[in-house]
Amino acid sequence: MNAKILETENLTVNFDGFTALKQLNFSMDAGELRVVIGPNGAGKTTFLDVITGKVQPTTGRVIFKGKNLRSLKEHQIARLGIGRKFQTPRIYLNLTPLENLEIASNPKKHSFSTLFKTPSTAEKNSIKGLLETIGLTAKARVKSAFLSHGEKQRLEIGMLLAQSPDLLLVDEPVAGLTDEETYNIGELLLALSQSHSILVIEHDMEFVRQIARKVTVLHEGSVLCEGNIEEVQSDPRVIEVYLGQQKE
Ligand SMILES: Nc1ncnc2c1ncn2[C@@H]1O[C@H](COP(=O)(O)OP(=O)(O)OP(=O)(O)O)[C@@H](O)[C@H]1O
């Protein structure tokens with residue numbers, strides 16, 4: 001039994017001579033909530049891109065649940081159980097949260113006929129549960145275009161959950177959110193971490209302090225250091241490359 005949900009070995013990504021990831025070694029246990037931070041250009045987004053198959057590694061490998069992901073396509077990796085939440089919510093604005101979740105829960109959602117299928121009782125219950133989890137029960141039947149930015153973010157997290165991924169990748173979930181919405185997203189991720197493996201990329205240090213267990217700091221495509229938030233924040237290398245930069 002492999003207790004690691006995600007590992008990378010000497011992962012390197014070159015873009016036309018520019019090295020975005022450099023011999024990156026990373027590992028994360030099943031059930032862990034991991035936060036990855038790092039200054040602009042550290043390689044955080046490329047890291048997610050290479051895990052999800054959007055970008056292929058130049059050398060090295062990504063191992064998910066013990067399986068090498070090399071040469072798998074994005075949809076195959078998603079089907080293996082990796083769900084990604086992008087920075088900007090990708091929800092259907094003209095549909096309600098309830099309808100968005102129904103579509104996300106339907107494994108045959110791309111088939112035209114199933115778009116009009118009535119959900120079963122079990123599906124309805126699980127969608128009801130999801131709406132409660134993401135705090136949108138009261139707005140279940142409101143057009144999603146009228147949701148706040150934070151509510152849209154929570155809805156998209158709900159849509160990811162509807163696909164029951166083993167690993168959730170969450171890219172800067174609180175960019176542009178109010179303090180209250182940021183706090184709500186933090187509480188949601190903490191609640192989800194009881195039953196999911198979650199990797200969050202984030203810039204907002206207040207938010208990182210709210211949710212962080214173990215933090216990985218990326219710098220110039222490699223791991224600079226890892227530890228709990230206090231260890232990371234007091235590491236002189238981190239202060240120099242990242243936190244020092246923010247204080248200016
Ligand atoms: N397709 C690409 N072609 C060339 N260079 C790229 C490409 N994608 C990313 N890069 C470069 O790789 C480096 C790492 O970018 P990446 O977006 O992964 O960093 P990041 O840590 O997510 O930064 P930010 O916090 O600003 O989003 C940057 O210097 C970026 O310009």
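Two strands pair if DSSP finds at least two bridges between them. The model used in these exercises is predicted.

**Exercise 1. Central strand**

Task: Find which strands pair with S3, and in which sense.

Solution.
Step 1. Take strand S8 (residues 197-201). S3 pairs with S8 in the parallel sense, over 4 bridges. Arg-34 has Leu-199 as its bridge partner in S8.
Step 2. Take strand S9 (residues 214-219). S3 pairs with S9 over 4 bridges, again in the parallel sense. Here Val-35 stands opposite Val-215.
Step 3. Place S3 in its sheet. The open sheet has 6 strands in the order S6-S7-S8-S3-S9-S10, so by this order S3 sits between S8 and S9. The pairing of the sheet is mixed.
Step 4. Find the ends. Strand S6 (82-85) and strand S10 (222-227) are the edge strands, and each pairs on one side only. The twist averages 20° from one strand to the next.
Step 5. Add strand S7 (residues 167-171). S7 and S8 pair in the parallel sense over 5 bridges. The partner of Leu-169 in S8 is Leu-199.

**Exercise 2. Burial of S3**

Task: Decide which residues of S3 are buried on each side.

Solution.
Step 1. Apply the cut-off: a residue is buried if 20 or more other C-beta atoms lie within 10 Å of its own.
Step 2. Count. In strand S3 (residues 33-37), 5 of 5 residues are buried.
Step 3. Recall the pattern. In a regular strand the side chains alternate between the two faces of the sheet.
Step 4. Split by side. Leu-33, Val-35 and Ile-37 are buried on one side. Arg-34 and Val-36 are buried on the other. Both faces of S3 are covered.

**Exercise 3. Second sheet and helix H1**

Task: Give the strand order of the sheet with 4 strands, then locate H1 against it.

Solution.
Step 1. Read the order. The open sheet runs S2-S1-S4-S5, with antiparallel pairing. Its edge strands are S2 and strand S5 (67-68), each pairing on one side only.
Step 2. Check one pair. Strand S1 (residues 4-15) and S2 run antiparallel and are joined by 8 bridges. Thr-8 stands opposite Phe-26 in S2.
Step 3. Add the helix. H1 packs on this sheet and touches S1, S2 and strand S4 (59-64). Its direction makes about 65° with that of S2.
Step 4. Turn to the other sheet. H1 lies across S3, S6, S7, S8 and S9. H1 runs at about 150° to S7.

**Exercise 4. Ligand shell**

Task: State which element supplies the largest share of the shell around the ligand.

Solution.
Step 1. List some members. The residues around the ligand include Phe-15, Asp-16, Asn-40, Lys-44 and Thr-45.
Step 2. Sort by element. Strand S2 (18-29) and helix H1 (44-51) each supply at least two shell residues. The largest share, 3 residues, comes from H1.
Step 3. Sort by class. The shell divides into 4 nonpolar, 6 polar and 2 charged residues.

**Exercise 5. Domain contact**

Task: Describe the side of domain 1 that touches domain 2.

Solution.
Step 1. Set the bounds. The domain assignment gives domain 1 (1-81 + 165-248) and domain 2 (89-164).
Step 2. Count contacts. 10 residues of domain 1 are in contact with 11 residues of domain 2.
Step 3. Find the main contributor. Helix H6 (residues 179-192) gives the largest share of the domain 1 side, 4 residues.
Step 4. Classify. The domain 1 side has 6 nonpolar, 3 polar and 1 charged residues.

Methods
Residues are numbered from 1 along each chain as its sequence is written. This is a predicted model: local features need pLDDT of at least 70, side-chain atom pairs count only at pLDDT 80 or more; totals for chains, interfaces and linings use all residues. A residue is near a molecule or strand if its C-beta atom, placed from the backbone, lies within 6 Å of it. Ala, Val, Leu, Ile, Met, Phe, Trp, Tyr, Cys and Pro count as nonpolar, Asp, Glu, Lys and Arg as charged, and the others, Gly among them, as polar. Two residues are in contact if their C-beta atoms, placed from the backbone, lie within 7 Å. Axes are lines fitted to C-alpha atoms, for helices over the stretch in contact, and angles run from 0 to 180 degrees between N-to-C directions. Domain bounds come from an automatic or database domain assignment. A residue is buried if 20 or more other C-beta atoms lie within 10 Å of its own, exposed if 12 or fewer, and partly exposed in between; C-beta atoms are placed from the backbone.
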